[in-house]
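This report takes up backbone geometry, helix spans, overall form, chain contact and nonpolar packing in turn.

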Amino acid sequence: MSTDKITTEEVSILQLSDSFFPTGMYATSNGLEALFYAKKIKHPNELRNIIKVYLEHQIGPTDCAALGNSYEYVKKNDLKGVIKVDQITFSMKLIQEIRDTSARAGTQLLKCLGYFIADNELLNKYQHCIKNRQAYGVYPVALAIASSSLNISKRKAGLMMIYAFLVSMVGAALRLGMLQHFDGQKIIHELKPDIVEIVNSNIDRPITGMWQFAPGLDIFQIAHERMSSKMFIT
Amino acid sequence: MSSDRIPRVGIGGPVGSGKTMLIEQIVPILSDRGYRAGIISNDVVSREDADRMRKNLAAERGLLPEDLVIGLATGGCPHTAVREDPSMNLSVVEEMEMKHKDLDLIIIESGGDNITTTFSPALADYFIYIIDVSGGDKYPRKRGLGIESCDLLVINKIDLAHYVGADLSIMERDAKAVRGNKPYVLVNSRTGHGAKDVTEHIIRDVLFESLPKAVAKNK
């Protein structure tokens, strides 16, 4: 008998991590557009290295850790804990457009989830808090709620988020004409071990250990936010 | 539908077809009639359209507050932003609805795109598609989802028709053939010709000729 069985949870992983899932994240480049116009990236290898910095110094220790912490609070049905992670994550994002985009993407993710998942009490309460401005609805927290409700494990949820970020960055680079499509897939392939390491080292990070430090990227993200002519939300 | 939901009109069309200028013509007419509108402008590579409307309609003429003209970048995917994944637009619309409950209408301008543009029904209640004569009088006949499925087809820059050899009667004939009974309007957005007709369609088919909220509140 074959043990190679697939489950609906695995299909849910594909659904939520598919760029077709509506969160609006395709409209962001996280400052990559400003790096492009400043001619700071001239080779696909440089793009790969920059994405690795994003993952190791921004998304991993903040968003991935936020996802892990909020997932645990969701499992305990602890709304206060979920909101605490939400507020800390929002406040840690230094660039207004990036803060707002995370909140908008998360809020829309929850709305979409609520369209096909009925009677999830914590989801309903959290959405109520967002509407009443007691919470922001940041993306990692929203994804934790979505993953938990679809029986996706915490670690797999972290993998989905980091992978989706990587794909969105490569997608933005392709639309900016920074590389050709095979280069994009090569970057994704080369960063697979890093993705695994970043998820494993951050998904159980305690809330008090969340951090980010990438001042060079912060400056380019600020510059991007202020560009008068741009294709991407920061 | 939520009672907080403010009616939404989506305006789509190719780059340079006159979407922004059409909005600049219809917002003052709506304002004269007492209707307050907010504007979300999706731009492909700049904030120019939103900045221009903010200057022309808000700062200089005071027809609406400056924070009611919002520009939105689309990551180079203008049709995705209003159809397949309108998440960012929906968020901005919902934020506008929460902050400005007294608005009568929200106008969402898509980024310039091709003739397959349509709006998600979750984003827009009414869809205006605008083309202009400089693309040739074959435009309506070529069909495309935008031309075929929109609630109102606007054919702009009619003053240029004879300069570019476009026959308006052919465009009208083909618009009727392609769209059946659905309406179209011939417009010159520079002079405002036809803008009143477009506005009347909005007031009748979107606002259902209801009183402006500011007027109804004082009754």
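The loop between α1 (8–17) and α2 (32–37) of chain A contains Asn30(A), and in this predicted model Asn30(A) has a positive phi of about 55° although it is not a glycine. As background, most residues other than glycine have a negative phi. A second residue to set beside it is Asn151(A), which is found in the loop between α7 (139–149) and α8 of chain A and whose phi, near 60°, is likewise positive in a residue other than glycine. Is each of these asparagines buried or exposed? Asn30(A) has 28 C-beta neighbours inside 10 Å and therefore counts as buried, the cut-off being 20 or more, whereas Asn151(A), with 11 such neighbours, counts as exposed because the limit there is 12 or fewer.

Positive phi values also occur just after helices: Asn77(A), just after α3(A), takes a value of about 55°, and Gly180(B), which follows α7(B), has a value near 65°. The table collects these residues.

| Residue | Phi | Place |
|---|---|---|
| Asn30(A) | about 55° | loop between α1 and α2 of chain A |
| Asn77(A) | about 55° | just after α3(A) |
| Asn151(A) | near 60° | loop between α7 and α8 of chain A |
| Gly180(B) | near 65° | after α7(B) |

The helices that precede two of these residues can be examined through their spans. Helix α3 of chain A, residues 44–75, has 32 residues and would span 46 Å if it were straight, at 1.5 Å a residue, but its end C-alpha atoms are only 41 Å apart. This helix bends by about 60° at Ile59(A), and a proline, Pro61(A), follows within four residues. For helix α7 of chain B, residues 168–179, the 12 residues should span 16 Å at 1.5 Å a residue, and the end C-alpha atoms are 16 Å apart, so the expected and computed spans agree.

Taken as a whole, chain A has 11 helices and zero strands. Its 234 residues would give a compact globule a radius of gyration near 17 Å, and because chain A has 17 Å, the value agrees with that expectation. The C-alpha trace of chain A spans about 55 × 50 × 30 Å along its principal axes, and buried residues make up 46% of the 234 residues in the chain. Among the contacts in chain A with a separation of 6 or more, 82% are accounted for by residues 24 or more positions apart.

Between the two chains, 18 residues of chain A are in contact with 16 residues of chain B. On the side of chain A that touches chain B, α5 (96–116) and α8 (154–175) each supply at least two residues, and the largest share, four residues, comes from α5(A). By class, this side of chain A has eight nonpolar, seven polar and three charged residues.

The largest nonpolar core has 127 residues, of which Ile162(A), Leu22(B) and Val154(B) touch the most other members. The largest share of this core, 12 residues, comes from α3(A), the helix that bends at Ile59(A). Which residues are in contact with Val154(B), leaving aside its neighbours within four places in sequence? They are Leu22(B), Ile128(B), Ile130(B), Val185(B), Val187(B) and Val198(B).

Conventions
Residues are numbered from 1 along each chain as its sequence is written. Chains are lettered from A and ligands numbered from 1 in the order in which they are written. This is a predicted model: local features need pLDDT of at least 70, side-chain atom pairs count only at pLDDT 80 or more; totals for chains, interfaces and linings use all residues. The expected span of a helix is 1.5 Å times one less than its number of residues. The bend at a residue is the angle between axes fitted to the seven residues ending there and the seven starting there. Two residues are in contact if their C-beta atoms, placed from the backbone, lie within 7 Å. Ala, Val, Leu, Ile, Met, Phe, Trp, Tyr, Cys and Pro count as nonpolar, Asp, Glu, Lys and Arg as charged, and the others, Gly among them, as polar. The radius of gyration is taken over C-alpha atoms; the globule rule is 2.2 Å times the number of residues to the power 0.38. A nonpolar core is a set of buried Ala, Val, Leu, Ile, Met, Phe, Trp, Tyr and Cys residues joined through C-beta atoms within 7 Å.
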